[in-house]
Amino acid sequence: MKQIIEKLIRESISSINKDNSITPELLNNIRVDRTKDRAHGDFASNIAMMLAKPLKKNPRQIAQDIIDNIPSDPHISKIEIAGPGFINFFANKASIADALEEMNNDARLGVKKISNPDTIVVDYSAPNVAKEMAVHHIRSTVIGDAVVRVLEFLGNNVIRANHIGDWGTQFGMLIAYLEKKENESGAGMDLSDFEAFYREAKECYDTDEEFAVKARSYVVQLQGGDEYCRKMWKKLVTMTMVQNQKLYDRLDVTLSDKDIMGESLYNDMLPGVVEDLLNKGIAQEDQGAIVVYLPQFKNKEGKPLGNIIRKNDGGYLYTTTDIACIKYRVEKLKATRILYFTDSRQQQHLETVWAICEKAGYTNSKVSLEHCPFGMMLGKDGKPFKTRSGGTVKLRDVLDEAEARVKTLLADRNSTLSEADKKTVTHNIAMGAVKYADLCKNRTTDYIFDWDQMLSFEGNTAPYLQYAYSRIRAIFRKAEDIKPGKIIISCEAEEELANKLLAFSEAVYSVGNKALPNLLCNYLFELSNLFMHFYEACPVLKDTVDMETKQSRLALCEVTAKVLKQGLGLLGINVMEQM
Ligand code: ARG
């Protein structure tokens, strides 16, 4: 429809553009958007306002001229001027029905693959080795995963990069402690409690000088490629990631072993990168350390901030790794777009890294580097979300609690589901609720973790959307041998629902462009509301309804169910036939 309307406007303008005062560039500016409010029709264009300045004419007059010269078209039933010069288009009901019919017959529901796919690296999840994933990791993991699914669906070549924290000086201490534990307990040590492990390792390091000496020598040996240290290090990485993988699987997150591209991957590149930055005059020596000064980042006294890329003891930093990492992603992986899902506090770190990479030519203007920051997770009291004793909340505990709460909620309902189905339903609702609570808010703001809100069957929640889906499936069970048929739009509620359904592809595209899954959540929520309204206003299977209408309404139910399933699927949330 948008393309049809754009073409009509272009034809109209060409016919009034006798003196060629409207240049081809101006014509390229024609934009048609779906209206927010149906009172303003289905589509609107602001082209008249765009032309007002170059034509030195009143925009409403231009709009009138355009309307007067628009060729008639069967898809459009009415065209109006509104406000300062908007042109509003009312779609013909029959053409809405046709478009929806086409959408229903398309496996991609009208979401076309993009014509020039990007190679997109999505840097997300990124937990640290020998630490348990905390609840805040859910933000990067779940939001990143939804965006990955959307970008892939749109036809891009997506590379998942799980930039795990698997390198650094702490590994000497961790290896020394792992060795100590293994000696004490024999092989087959269980490392289920990383928090205790890390704390005890640190304690030994701080209090036992002999241990500390060994730890320090292990760091050097590990960096030098010593086989024993490498083996112990690998053990720590594997133990951590085996546990994390269980959480990914439980959350239906699409990460696996092959996506691990941790900090250690770039270790061998670091000396060369520092050397290169020195040679290019971008870095300089300063009291034994190697530093990059960037004029755009200043300290309190207004002096350029120094960014250390090699310490005076020869050690490299988080920044150095991220510089090498960009070089790798651009040169080796041929990335044209790199998205970072990290919390907003890493903004300056990333901007620094990007500025250095641009100067060094490790990236170029054709590569889009995007920080997709997110805010903090807060408790109901508005303070950072912590356990009762003030510790970090473990992700595993949150998922356990979600399932326990859903089990209790469902126990009150009499249901005909089998035990196995009940288990699946519990899992899907619990994971869906936790994930959706994170996905549905604009990620850039802090967000309040609230069990009652996220598990509610009303409002903008996963259970509400999952329920909307199951309810539609129930209609089909009840319909038995009545099958969906030709779509006929006859009442207001049908038209509103149809128009919303047709906007699905725009919602998906917007998530791909802006890396904001909440745009799709909002769309699905609005769709479900419109469906509920349609369902109340337009009986589907009532005896008083004629067969043609029944079949048309069943078709509307069918497209809605497909869109809900596909949309929630792109968010990484499962739907159920019955719940
Ligand atoms: N491991 C880091 C953390 O837990 C996040 C890594 C983000 N990605 C990156 N390329 N720096 O904060």
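**Ring cluster.** I started with the aromatic side chains of this predicted model. Tyr-177, Phe-197 and Phe-211 are joined by ring pairs into a cluster. I then looked up Ala-201, which touches two of these cluster members, Tyr-177 and Phe-211, along with Met-173 and Leu-174, once residues up to four places away in sequence are left aside. Ala-201 belongs to helix α8, residues 194–207. Is Ala-201 buried or exposed? Its relative accessible area is 0%, so I logged Ala-201 as buried. I also took one long distance from this residue: the C-alpha atoms of Ala-201 and Leu-502 are 58 Å apart, with the two positions 301 residues apart along the chain.

**Other aromatic pairs.** I found 13 aromatic pairs in the structure. One of them is Tyr-266 with Tyr-328, which is edge-to-face, with 5.4 Å between the centres and 80° between the planes. Which parts of the chain does this pair link? Tyr-266 sits in the loop between α10 (227–250) and α11 (270–279), while Tyr-328 is in helix α12 (residues 318–332). The two are 62 residues apart, and I noted the pair as a link between distant parts of the chain. Tyr-266 and Tyr-328 are both buried.

I went on to Tyr-340 and Trp-354, a tilted pair with 5.8 Å centre to centre and 45° between the planes. Tyr-340 is in strand β10 (residues 337–340) and Trp-354 in helix α13 (residues 347–360), so this pair ties together parts 14 residues apart in sequence. Here too I have both partners, Tyr-340 and Trp-354, down as buried.

**Charges over rings.** I checked where lysine side chains meet aromatic rings and wrote down two cases. Lys-78 has its charged end over the ring of Phe-90, at 4.4 Å from the ring centre. Lys-131 places its charged end over the ring of Tyr-198, at 4.8 Å from the centre.

**Annotated domains.** I took two spans from UniProt, from an unreviewed entry in each case. The record gives "domain: Arginyl tRNA synthetase N-terminal" for residues 3–91. In the model I find that span to be 44% helix and 21% strand, with its end C-alpha atoms 13 Å apart. The record gives "domain: DALR anticodon binding" for residues 465–579. How much helix and strand does the chain hold over residues 465–579? I get 70% helix and 0% strand, and the end C-alpha atoms lie 12 Å from each other.

**Whole protein.** I closed with the overall values. The secondary structure comes to 21 helices and 13 strands. Along the principal axes, the C-alpha atoms fill a box of roughly 85 × 70 × 40 Å. Of the 579 residues, 51% are buried. The exposed area is about 27,400 Å², and carbon and sulfur atoms supply 49% of that area. Among contacts with a separation of 6 or more, 73% join residues 24 or more positions apart.

**Confidence.** For the prediction itself I noted a mean pLDDT of 93, with 99% of residues reaching 70 or more. The model scores are ipTM 0.98 and pTM 0.90.

Terms used: Residues numbered from 1 in each chain as written. Heavy atoms only, no water. Phe/Tyr/Trp six-rings, centres within 6.5 Å; stacked < 30°, edge-to-face > 60°. Helix = DSSP H or I, 4+ residues; strand = E, 2+ residues; numbered from the N terminus. Buried < 20%, exposed > 50% of the residue type's maximum accessible area, 1.4 Å probe, protein only. Lys NZ or Arg CZ within 6 Å of the ring centre and 35° of its normal. UniProt positions renumbered as here; feature names shortened; annotations may be inferred. pLDDT = per-residue confidence, 0-100. Contact = heavy atoms within 4.5 Å. Areas by Shrake-Rupley, 256 points an atom, 1.4 Å probe, with all protein chains shown as cover.
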